[in-house]
Amino acid sequence: MLFLQFLLLAVLLPGGDNKDDFQEPISFQIIQISSFYNRSWVQTLGSGWLGELQVHGWKTNPGGIIFLWPWSKGNFSNEEMMELENFFRGTVTGIHWAFHNLASEWQLAYPFEVQMVGGCEMHFGRGSVGFLRIAYQGSDFLIFQNNSWWPSPTGGSRAQHASTLFNGDIVILESIDRLLSDTCPRFLLGLLDAGKAYLGRQVKPEAWLSSGPSPHPGHLMLLCHVSGFYPKPIWVMWMLGDQEHPGTQQRDILPNADGTWYLRKSLDVKAIETAGLSCRVRHSSLGGQDMILYWGKKELGPKPGMRIGGPQAEQNIQKKILGFQGLQTQKK
């Protein structure tokens, strides 16, 4: 049944130009970062992510889920969301209690940080795979697999001891397994369904050309900026006539504050070899009509009010990866 729902959503949520767009996994994950300052003070940050889009936050005192979008509950009822909230609140309390005790037993010095990431990943044509990991001070510590906690290969004897402690309650282990294998994929599909109007929208890119600092004497650094597009899949290339220029270089695609994306492609060329150069943009929102900007034939620079990936984009990236070292989900 879950697979049939996934097939339907693959049709309802258009991607980019590549026929393999839905070969990429779709995931929902929760990131929790707990900073232990002393025995009585722990600060916890939590967030929920549908792919690269944050859909939930976590409020403290008392703990509770923050819904960042009107569709952030998916198709779960208020009662189901309350059950999840209570489970997460208990998990936060349990993690704090366990690591306070371990800190006392191991004589760990405060402050220290514990990070946890858990969720599920669905791949077109396959089932769902759940994952749950705990890191200590940015390094892998514990991994949940086959209904049990296992020490990370880099966790050492402390991770071995902690896994034995965490495996002591069979009821909790079964609850975690059910959450990852059943609740999470159902919630993921519900999010995709409830948010399909937003997730399936098409926003046309805006593009402009500029030049950067000269890398070498007699050379130019040509820059092609593309901003404000959605969905994320996009193809941008510097062209020489009708041929792709092999010197094209790409930076990471960065998020804008409004949920759209920004990309920059650069090209290092000799100043006397710019004739016939253009930047070509291909995106699903353009209806099969490529956007072409010719170097030297169009006004350079962004238009007033144009969405540009800058400090805000960098901050969004940092928010997501903060304390996430050692917790990256392995590609299946």
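This passage walks through selected features of a predicted model, from a small sheet to aromatic contacts, a helix and some unusual backbone geometry.

A good place to begin is a sheet of four strands. The sheet is open, its strands follow the order β12-β11-β16-β17, and the pairing is antiparallel. β12 (243-244) and β17 (291-294) take the edge positions, each with a single partner strand, so one side of each has no neighbour in the sheet. In general, the strands of a sheet pair through backbone hydrogen bonds, in either a parallel or an antiparallel way. Here, β11 (residues 235-240) is joined to β12 by two bridges in the antiparallel sense, and six bridges connect β11 with β16, again antiparallel. M239 illustrates both pairings: E244 stands opposite M239 in β12, while S278 is the bridge partner of M239 in β16. The link from β11 to β12 is a hairpin with two residues between the strands, and G241 in this turn has a positive phi of about 70°.

A second hairpin leads into the aromatic part of the model. β7 and β8 (residues 148-151) pair antiparallel over four bridges. Two residues lie between these strands in the hairpin, and N146 in the turn has a positive phi of about 50°. N147 lies in the loop between β7 and β8 and also shows a positive phi, near 65°, although N147 is a residue other than glycine. With a relative accessible area of 28%, N147 is partly exposed. Across the hairpin, F144 stands opposite W149 of β8.

Aromatic contacts are found here and elsewhere, with 18 aromatic pairs in the whole structure. In one of them, the ring centres of F99 and F141 are 6.1 Å apart and the planes stand at 50°, so the pair is tilted. F99 belongs to helix α2 (residues 78-106) and F141 to strand β7 (residues 139-145), so this pair ties together parts 42 residues apart in sequence. F99 is buried, at a relative accessible area of 1%, and F141 is buried as well, at 5%. The pair of F144 and W149 has ring centres 5.3 Å apart and planes at 75°, so the arrangement is edge-to-face. Both F144 and W149 are buried. These four residues belong to one aromatic cluster, whose members also include F36, W106, Y110, F112, Y136 and F166.

The cluster member Y110 brings the description to the loop between α2 and β5 (112-122), where P111 is found. As background, most peptide bonds are trans, and most residues other than glycine have a negative phi. The bond joining Y110 and P111 is cis, with omega of about -5°. Q107 has its place in the loop between α2 and β5 too, and has a positive phi of about 55° although Q107 is not a glycine. Q107 counts as exposed, at 72% relative accessibility.

Another cis peptide bond runs from Y230 to P231, with omega near 5°. P231 is found in the loop between β10 (219-229) and β11. The two residues of this bond each take part in a further contact. The backbone oxygen of P231 lies 2.8 Å from a polar side-chain atom of H283. H283 sits in the loop between β16 (277-282) and β17 and is buried, with a relative accessible area of 2%. Y230, for its part, has R201 over the face of its ring, at 3.7 Å from the ring centre. The charged end of R201 also sits over the ring of Y198, 3.8 Å from the centre of that ring.

Finally, helix α4 (residues 170-194) has a few features of its own. At 1.5 Å a residue, its 25 residues should span 36 Å, and the end C-alpha atoms are 34 Å apart, which agrees. Along the way, α4 bends by about 40° at L179. At the N-terminal end, D169 acts as a cap for α4, with a side-chain oxygen 3.1 Å from the backbone nitrogen of V171.

How values were computed. Residues numbered from 1 in each chain as written. Predicted model: local features only at pLDDT ≥ 70, side-chain atom pairs only at ≥ 80, totals over all residues. Heavy atoms only, no water. Pairing = 2+ DSSP bridges. Phe/Tyr/Trp six-rings, centres within 6.5 Å; stacked < 30°, edge-to-face > 60°. Buried < 20%, exposed > 50% of the residue type's maximum accessible area, 1.4 Å probe, protein only. Lys NZ or Arg CZ within 6 Å of the ring centre and 35° of its normal. Expected span 1.5 Å × (residues − 1). Bend = angle between axes of the 7 residues up to and from the residue. Polar contact = N/O pair within 3.5 Å; in protein donor to acceptor, adjacent residues only side chain to side chain.
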